[in-house]
Amino acid sequence: MRSPAAGAVVCAVAAVALLIGGFSPWFSTGDGDGDDGERRRGRRAYTYVDVDELVDDLDRYPRTRERFRANVGLVSAEACRHVECTSVRLTGAPGLADDAFAWLGRGTMGAALAGVVLLVAVALAARRQRRPILRGWAATVAAAAAGLGGAFAASWALEAAVGPVDRSMGLLALVLGGALAGAGAAWPWRDAEGGARRRYLLAAAIAGLTALAWVTLVEHAWWRSGHTLDLLRVSPLGVEVCDGDCRLATALGVTTGQRLLATLTALLTAALVVPAAGAVVRLARGVTAGAWAWATVVLALGALGAGVATWATYPASDVMRVGWGLPAFGVALAGVAGVALAGALTVRLPDLEHVVPAAAAAAAAGPAPGERPVLAPLAAAASPTHLPPLARAAPTAPAPDAAA
C-alpha cells in the first residue's frame, strides 16, 4: 500500500474511533441489587439528571430489592430499573465542579465530532495531496478532543448521586482515536534509506514512554493505602476503592486548586498522545518530525510540570504512600521530551510533499501566455548561428535608383 493510501486508511480508522469514544458510555454503575437505601440513591441520581417524572414513579415502586443501573456518557446518561431504561440529560448541579464536569463533556463531544469531519477531509485529500494546514487542524482538534476527554474523566462529580462506578470504553476509544489521528495526519510520503536502527529506537522510545505515562494514570498508581483499610489507589484520574474489584469513588482533590491541577495533568497527558504518535510515525520512516516533535516536547514538559504541582499539593498522610506510578510518570515524560528533542535535531530529511510540489508546479506552469512551446533541440537547430557559413543569407546591395 502506497504512503498516501496508508495515511488515508489510518485517518478513517481514527475518525471511527473518535465517534465510538464520543457516543460510548464513560462511567457505569454496573448491575446490582439494592435495598431501600439503594433505591434512595437511585432516586438522587434521577433527580440530578432532571427527570422529575421518573422521581414520582420511584415512590410507587415496592420497597423490595431492586436492580438499578446507570451509564453516563459525555452529554447524557441512561438510567435503568429492571429492564426499563430511559435516556436522560446531564444538567450540571450548581457549583464549580459539577458545572465543569457537564461543560467538559459537551466540549469533548464537540471536539470529537469536529475531529471526525477534519479527518475525513484529510483522508479524501490524500488521493492527491494532503495540505499541511488541513493536517495541522485535524491533529490540533483531535488533541483537543483527547485532552478534554482526559479532563472530563478526571473531574467525575456524580459520586454523591450514583456512588462508585466503573470506567467504560469511552475514554480508551477517544485516546486511541487521538493517537491514530496523529499518526494518520503525520503519515509521510517517503522512506529514508539507511540508519533504520537509530530511527526505530527513537520512535519506539517515544511510543513506549508516552504509553507508560498514560498507564500510570489509568491504573491509579500514584498513591496507594495500606492493607488496614480497603485498598485505595489514587492518580489524577481519581480515587479508586479496591475490594475484590476496583471502582472509581471520587475525583482527586478536596480543594478547587487540587482538582484543577489534577484535571490539567490528565488533560495534557491525554493530549500528548496525538503529537507523540505523529512524531513516532515520521521518525520511524526517517522523515523530519518538525512541529510534531516540538509539540511533543512542549506538552510533555507541561504535563510533567502539572504532575509535579499535583504531587506537591497532595496532603501528606500516614495512610497513603507513593506508588510506582508517580516516579514512573516523571521519568517517562522527561524521557519523551528528551527523545523528541533529539529526533527533531538529528532527523532532517524533508518529506516528499514539501519537495515535489514545488518542482511539479514549475514544470506544470508551461510557457507564458502568447508563446509557443519550442523543444530545445529544434530551437538549437533552427538558430542562425548553427547554420554553415555558406548557407547564411548574404546581405543584399541597395538598388541604383535608391542610391541615386
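Which two side chains meet in a salt bridge at 3.2 Å, N to O? In the predicted model examined here, the partners are Asp 166 and Arg 247. A search of the whole structure finds 2 salt bridges, and the one between Asp 166 and Arg 247 links distant parts of the chain. Asp 166 belongs to strand 6 (residues 166-167), whereas Arg 247 belongs to strand 10, and 81 residues separate the two in sequence. Asp 166 has a relative accessibility of 27% and therefore counts as partly exposed, since this value falls between the limits of 20% and 50%. Arg 247, at 22% relative accessibility, also counts as partly exposed.

A further salt bridge is formed by the side chains of Arg 233 and Glu 219, with an N to O distance of 3.3 Å. This pair, too, is described as linking distant parts of the chain: Arg 233 is in strand 8, Glu 219 is in the loop between helix 8 and strand 7 (223-225), and the two residues are 14 places apart. Arg 233 is partly exposed, with a relative accessibility of 22%. For Glu 219 the corresponding value is 37%, so this residue is likewise partly exposed.

Strands 8 and 10, which supply Arg 233 and Arg 247, each pair with strand 9. Strand 8 (residues 231-235) runs antiparallel to strand 9 (residues 238-243), and 5 bridges join them. Within this pairing, Ser 235 has Gly 238 of strand 9 as its bridge partner. The connection between strand 8 and strand 9 is a hairpin of 2 residues. Strand 9 in turn pairs with strand 10 (residues 245-250), again in the antiparallel sense and over 5 bridges. Here Glu 240 is placed opposite Leu 248 of strand 10. The hairpin between strand 9 and strand 10 has 1 residue between the strands, and Gly 244 in the turn has a positive phi of about 90 degrees. As a general principle, side chains in a regular strand alternate between the two faces of the sheet.

Several residues in helices were also examined. Thr 310 is located in helix 10 (residues 291-313). Its relative accessibility is 3%, and because buried means under 20%, Thr 310 is classed as buried. Leaving out residues up to four places away in sequence, Thr 310 touches Trp 223, Leu 252, Leu 261, Ala 262 and Thr 265. In addition, a polar atom of the Thr 310 side chain lies 2.8 Å from the backbone oxygen of Ala 306.

Arg 198, in helix 8 (residues 196-218), is partly exposed, with a relative accessible area of 46%. Apart from neighbours within four places in sequence, Arg 198 is in contact with Thr 346 and Val 347. The side chains of Arg 198 and Thr 346 are joined by a polar contact of 3.5 Å. Arg 198 and Val 347 are 149 residues apart in sequence, but their C-alpha atoms are 9.9 Å apart in space.

Finally, a nonpolar patch on the surface is formed by Val 16, Ile 20 and Met 169, which together have about 250 Å² of accessible area. One of these residues, Ile 20, is found in helix 1 (residues 3-23). Ile 20 is partly exposed, at a relative accessible area of 34%.

How values were computed:
Residues are numbered from 1 along each chain as its sequence is written. This is a predicted model: local features need pLDDT of at least 70, side-chain atom pairs count only at pLDDT 80 or more; totals for chains, interfaces and linings use all residues. Side-chain values use heavy atoms; hydrogens and water are left out. Helices (H or I, at least four residues) and strands (E, at least two) are DSSP runs, numbered from the N terminus. Buried means under 20% relative accessible area, exposed over 50%, partly exposed in between (1.4 Å probe, protein chains only). Contact means heavy atoms within 4.5 Å. A polar contact is a pair of N or O atoms within 3.5 Å; within protein, one must be able to donate a hydrogen and the other to accept it, and residues adjacent in sequence count only if both atoms are side-chain atoms. Patches are made of residues with over 30% relative accessible area and no salt bridge: like charges are joined within 9 Å, nonpolar side chains (Val, Leu, Ile, Met, Phe, Trp, Tyr) within 5 Å. Accessible areas come from the Shrake-Rupley method with a 1.4 Å probe; for residues, only the protein chains shown count as cover. A salt bridge is a side-chain nitrogen of Lys or Arg within 4 Å of a carboxyl oxygen of Asp or Glu. Two strands pair if DSSP finds at least two bridges between them.
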